[in-house]
Amino acid sequence: MSLERVIAKTAAETTLAAQFAALRSAAPSVQREAAFRRFEQSGLPTRRVESWHYTDLRAALVSAAPIAAAPAAAAIEAARGMLASLARIGASRVALVDGHYVAALSDAPPSGVAIFPVTPDTPPLGDADPVLALNVALAQGGCALTFEAGADAPLVEIVHIFTPGAEAVYSRLAITLGAAAQAKVVERFVGAGAQAQRNVSTWIDVAKDAKASHVVSIEDEAGVHVESQVVSLAEGAALDAFGLIAGGALARRQIFATLAGERARIGLGGLSLVDGRRHADTTLEVIHAAPNGESREFYRHIVADEGVGVYQGKVIVRQYAQKTDGGMKSQAILLSPNASMNNKPELEILADDVVCGHGATVGALDPEQIFYLQARGLPRREAEAMVLEAFGAEAIARVADPKIDEVLSGAMRAWLARRAGMEST
């Protein structure tokens with residue numbers, strides 16, 4: 001006779017179950033039901049889950065906030081004001097207000113691109129991660145972008161707006177590129193305060209010989225921001241992606257990428273700026289499932305005060321994925337004896353004809369560099385800021401668009417200036 005270990009539900013998990021029950025009564029869905037059952041099997045992840053070992057979400061999420069309703073007129077007007085004050089990046093802007101696509105605040109799509117709301121029953125592919133499964137079960141809105149085969153579309157900017165009064169947002173974004181299409185997409189998260197809880201997902205499907213560029217910038221102060229990306233690359237497809245974490249009390253970006261076709265290529269990069277008692281986690285899994293694939297991961301982290309940085313990168317090379325070329329690097333600078341960085345790069349190689357490597361470094365500012373700058377008349381704070389900006393700029397430089405580079409660099413400089421201001425008080 002076997003005894004199963006029963007784990008009592010937390011208050012947050014009990015509330016999530018009640019929220020799903022209400023949603024199920026209002027709009028039954030086989031896909032939602034299956035996803036929530038997968039979530040219930042494990043509940044909110046703890047340190048016992050290997051991929052969540054450094055981010056105990058079960059302990060951090062004390063309570064589950066009410067899910068934001070579709071935006072009413074007041075919320076839409078508040079969002080309109082926020083958009084007006086936000087400098088545009090792309091030729092076309094799409095607005096998601098509290099997780100819902102709002103056509104009245106969005107531009108018409110460029111030629112070769114279709115934009116439409118994601119319906120609750122749109123079945124995504126894969127939701128094994130518990131938080132991703134929860135997103136599939138509870139997502140109330142979002143949108144889908146479809147780039148026609150052969151399209152060469154201008155940059156599309158997607159702004160996720162969290163309006164005053166909203167508490168929890170669940171949304172989905174689907175990006176699909178037809179064969180030989182070329183697309184650039186930027187996602188920006190703005191407006192969320194310390195009480196906000198956000199669980200969002202982006203599904204990127206890149207067809208044969210298509211090329212995509214995808215950038216994410218977390219610019220607000222959400223209490224919990226969990227973002228999942230699920231990527232599939234066909235034969236000859238390519239994706240270059242970058243993520244900036246410059247805000248949020250607990251921010252986790254997790255990427256699940258599969259190079260399903262031969263000669264697929266992926267480049268992943270990011271910069272985390274962590275101060276106070278913030279927690280920034282980047283976790284990724286890249287699966288090479290076909291021959292002649294290439295993957296590169298390059299991440300940098302600046303961690304100050306009592307902040308915590310996390311980088312977990314796992315590259316899996318399947319048995320038949322011969323001639324795979326992979327390289328992974330994570331580098332961190334700690335600015336305080338109380339700051340911490342958890343680096344965990346992994347390779348799981350089942351093929352025998354591959355070139356793969358990884359490296360991770362954690363250190364402090366180079367005193368010789370600081371001394372060199374001070375000897376030329378710079379105050380210590382300015383010298384430190386200059387070195388840190390150069391460190392972060394090398395990561396941002398992997399984004400090949402000047403407009404996006406300018407926005408990301410501006411966010412980094414604002415973070416450095418805020419930190420310098422706090423030190424001087």
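Hi everyone, let's start in the sheet: strand β9 (residues 211-218) and β11 pair in the parallel sense, with eight bridges between them. Two strands count as paired here if DSSP finds at least two bridges between them. The strands and helices I mention are DSSP runs, numbered from the N terminus (H or I of at least four residues for a helix, E of at least two for a strand).

Before I go on, a quick word on the source: this is a predicted model, so local features need pLDDT of at least 70 and side-chain atom pairs count only at pLDDT 80 or more, while totals for chains, interfaces and linings use all residues. Residues are numbered from 1 along each chain as its sequence is written, and side-chain values use heavy atoms, with hydrogens and water left out.

Back to the strands. If you want a spot to look at, find Ser-213, which stands opposite Asp-240 in β11. β11 also pairs with strand β13 (residues 265-274), again in the parallel sense and over eight bridges. There, Ala-238 stands opposite Arg-265 in β13.

So how many of the eight residues of β11 are buried? Seven of them are, which leaves this strand, residues 238-245, mostly covered. Buried means under 20% relative accessible area, exposed is over 50%, and partly exposed lies in between (1.4 Å probe, protein chains only).

Now to the rings. The structure holds three aromatic pairs. Rings of Phe, Tyr and Trp (its six-membered ring) pair if their centres lie within 6.5 Å; planes under 30 degrees apart are stacked, over 60 edge-to-face, and the rest tilted. Phe-20 and Phe-36 are a stacked pair, because their centres are 4.4 Å apart and their planes are at 5°. Phe-20 sits in helix α1 (residues 11-26) and Phe-36 in helix α2 (residues 30-42), so this pair ties together parts 16 residues apart in sequence.

Phe-36 has another partner, Phe-39, in a tilted pair with 5.6 Å centre to centre and 45° between the planes. These two are three residues apart in helix α2, so about one helical turn separates them. Ring pairs thus link Phe-20, Phe-36 and Phe-39 into a cluster.

Are these rings buried or exposed? Phe-20 is buried at 2% relative accessible area, Phe-36 is buried at 1%, and Phe-39 is buried at 2%.

Last stop, charges over rings (NZ of Lys or CZ of Arg within 6 Å of the ring centre and within 35 degrees of the ring normal). Arg-376 lies over the face of Tyr-372, 3.7 Å from the ring centre. Arg-398 lies over the face of Phe-298, at 3.8 Å from the ring centre. Thanks for listening!
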